[in-house]
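Me: Could you walk me through some ring contacts in this model? I have the sequence and the structure open.

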Amino acid sequence: MLNRANLSASRWLLLVATISLLVALPVLSIFWLAFFPEENIWPHLVDTVLFHYVSSTLILAGGVGLVTLITGVGSAWLVSMCQFPGRRLFEWGLLLPFAVPAYVIAYVYTDLLEYAGPVQKSLRAWFGWQTSRDYWFPEIRSMGGAIAMLSLVLFPYVYMLARAAFIEQCGSIRAASRSLGCTPWQSFLRVSLPMARPAIAVGLSLVLMETLNDFGTVDFFAVRTLSVGIYDTWLSHGNLGGAAQIACSTLIFVVLLITLERMGRARQKHFVQSPNSQRERYVLRGWRSGVALLFCGLLLVAGFIIPLLVLGGYAFSNFSSYWSEDFIQIASNSLLLSITAALVSVLLGLLLAYGKRLQPKRSVRVLVGFSKLGYAMPGAVLAIGVLIPLAAFDNAVDGFLREHFDISIGLLLSGSISAIIFAYTVRFLAVSTGAIESSLEKVTPSMDRAARSLGRNSWQTLWAVHLPLVRTGLLTGGLVVFVDCMKELPATLLLRPFGFDTLATYVYQFASDEMLERSALGALLIVLVGLIPVILLSRSIGWRRGEERTAVADSEAPALS
């Protein structure tokens, strides 16, 4: 019996190690090619474009980080701690911009705000201006425009985590600060904000990683970041080794972000509101109420309502023209890739999470953590890492068949949808694994022991006991991976087979050619699909401990003076 248990444990350890190393292979491949390229152009990159790529990336990340920090934390505190008109609407409404891909909102606002757009046309008609020399208008296709567009759709990362942290904070601590003479503003700065710092650090790190990953927005606005540099070096200049070297530079930023995020959470205790604790809100009156309503309303309108109305208008007015067999095929391609990647991610995530439960050793925890590296990798970086091992495998098989059988099979995996599915799985495996781990943690270990005492092995226990109990985590992880795959642009753009399009590449192709009307239907579908995780997130936050409705009426809350 002991030998059988040891054998089962060894098999699970081998399975977890195999999956983790397979998923980590793209990262290892990037470093290998970067240090051993066929043509070393690193000195040329350093002398010419690398400094510009790095400086643009730093400016973009710094700007987006600052704006999302202010808007995300500010809106979260207002919605969680204050009472003002529309607060109930903004609780879930401020998550809606999360459904809009950054490149889609960039196309929408460029169409609205460029010289030939309706906004500037109206201004010229109202004031009698003839040319652009008669007035000044901010340039949307600029670094400032890119910061604004990314911030509008990424601030929900900070908002949802900061709001959850504010909800869980013990109300008696804030009450104690007020009794000691702190104003609401001082209580926020000295008590609420420091207690929420770990959650804010996580949200901000996610924002910055998504900023590093963005390609569609920065390429459309001609902002030359590291992500664009990878694309140009690889496809425009045909140098994969140089692209891998830039990718390694990008990974340095990723490691730095992870380190800073961990430092931001270091030695922080989590204060959770007790079940009997009442959470009172500050009642905002007069101009304060108006400012809060305007602040949250602008975020919702600019980040979701305007893009939805513009895309909806274009899509419905041109529906009969653009709803064709080709478009249906493109939508089917997106569904096929996303569903397949979601299923593979959920399956691998289940094996990793269950293996970690069965073998809670440090080595297993390290391997499972190693498998989550892909989520921190920008899509353009991941595309290079995926292509290298797949191309090596294809060349090895083709060479073997040529030598022994005089047969050439060409490319089997690289340049096929298999490469895209592999890239999606590597990038989003952390999402499915995290959701399943969270569900498994709620299953008491006594369930495992009871099943084993009845003669069930680990696989039978997984099938009969754990799968029914963690189906919510499986569904949640699968849906979020599905939606993320539908929106993924950089990796798809670089790995897709010739003539193969998804909704993301379809939108990018036509919108980058100033044909927003043609791309609107595809963009609208991506946005509507993106609402699925928003609904899940809203429900998840709404049911957190401390969010239950208290018996205290809003009229009894202290006024903010």
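Me: Which ring does the charged end of Lys-487 sit over?
Reply: Happy to help! A charge sits over a ring if NZ of Lys or CZ of Arg is within 6 Å of the ring centre and within 35 degrees of the ring normal. For Lys-487, the charged end is 5.2 Å from the centre of the ring of Phe-98.

Me: What are the ground rules here?
Reply: This is a predicted model, where local features need pLDDT of at least 70, side-chain atom pairs count only at pLDDT 80 or more, and totals for chains, interfaces and linings use all residues. Residues are numbered from 1 along each chain as its sequence is written, and side-chain values use heavy atoms, leaving out hydrogens and water.

Me: How many aromatic pairs does a search of the whole structure find?
Reply: Rings of Phe, Tyr and Trp (its six-membered ring) pair if their centres lie within 6.5 Å; planes under 30 degrees apart count as stacked, over 60 as edge-to-face and the rest as tilted. Searching the whole structure on that basis gives 15.

Me: How many residues apart in sequence are the parts tied together by Tyr-107 and Phe-220?
Reply: These two rings pair edge-to-face, at 4.9 Å centre to centre and 90° between the planes. Tyr-107 lies in helix α5 and Phe-220 in helix α10 (helices are DSSP runs of H or I, at least four residues, numbered from the N terminus). The pair therefore ties together parts whose separation in sequence is 113 residues.

Me: Is Tyr-107 buried or exposed?
Reply: Buried means under 20% relative accessible area, exposed over 50%, partly exposed in between (1.4 Å probe, protein chains only). Because its relative accessible area is 3%, Tyr-107 is buried.

Note on methods:
Helices (H or I, at least four residues) and strands (E, at least two) are DSSP runs, numbered from the N terminus.
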